[in-house]
Amino acid sequence: MPQHTLPRPICGHCDGFPTVAITTGQTTPDGHRHTITADCPACHGTGHITPARAYARTGR
Ligand SMILES: [Zn+2]
């Protein structure tokens, strides 16, 4: 299989699950559980780490 993009390493901080939903224990007026989402601070919600130095070397 041709591979056009290099596989980016999974973020070790969140193990590839960058966004998590946290249940606050409260319900909204609609009756749904109120949740808040939090993005991984290490990869900013992408789930991958970006090798910035490699980009600079290849000049892409
Ligand atoms: Zn992450």
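How many residues lie between β1 and β2 in their hairpin? Five residues sit between the two strands, and G31 in this turn has a positive phi of about 100°. Keep in mind as you look around that this is a predicted model.

**The hairpin**

Let us start with the two strands themselves. Strand β1 covers residues 19-27 and runs antiparallel to β2, with six bridges joining the pair. You can find one of these contacts by looking at T19, whose bridge partner in β2 is D39. Strand β2 spans residues 33-39, and zero of its seven residues are buried, so this strand lies largely in the open.

**Two residues with positive phi**

Most residues other than glycine have a negative phi. Against that background, D15 and H44 are worth a visit. D15 is not a glycine, yet its phi is positive, at about 60°. You will meet D15 in the segment before β1. H44 is also a residue other than glycine, and its phi is positive, near 60°. To find H44, go to the loop between β2 and α1, the latter being residues 52-58.

Are these two residues buried or exposed? A residue counts as exposed if 12 or fewer other C-beta atoms lie within 10 Å of its own. D15 has 10 such neighbours, so D15 is exposed. H44 has 11 other C-beta atoms within 10 Å and is therefore exposed as well.

The table puts the two side by side.

| Residue | Phi | Other C-beta atoms within 10 Å |
|---|---|---|
| D15 | about 60° | 10 atoms |
| H44 | near 60° | 11 atoms |

Key. Residues are numbered from 1 along each chain as its sequence is written. This is a predicted model: local features need pLDDT of at least 70, side-chain atom pairs count only at pLDDT 80 or more; totals for chains, interfaces and linings use all residues. A residue is buried if 20 or more other C-beta atoms lie within 10 Å of its own, exposed if 12 or fewer, and partly exposed in between; C-beta atoms are placed from the backbone. Helices (H or I, at least four residues) and strands (E, at least two) are DSSP runs, numbered from the N terminus. Two strands pair if DSSP finds at least two bridges between them.
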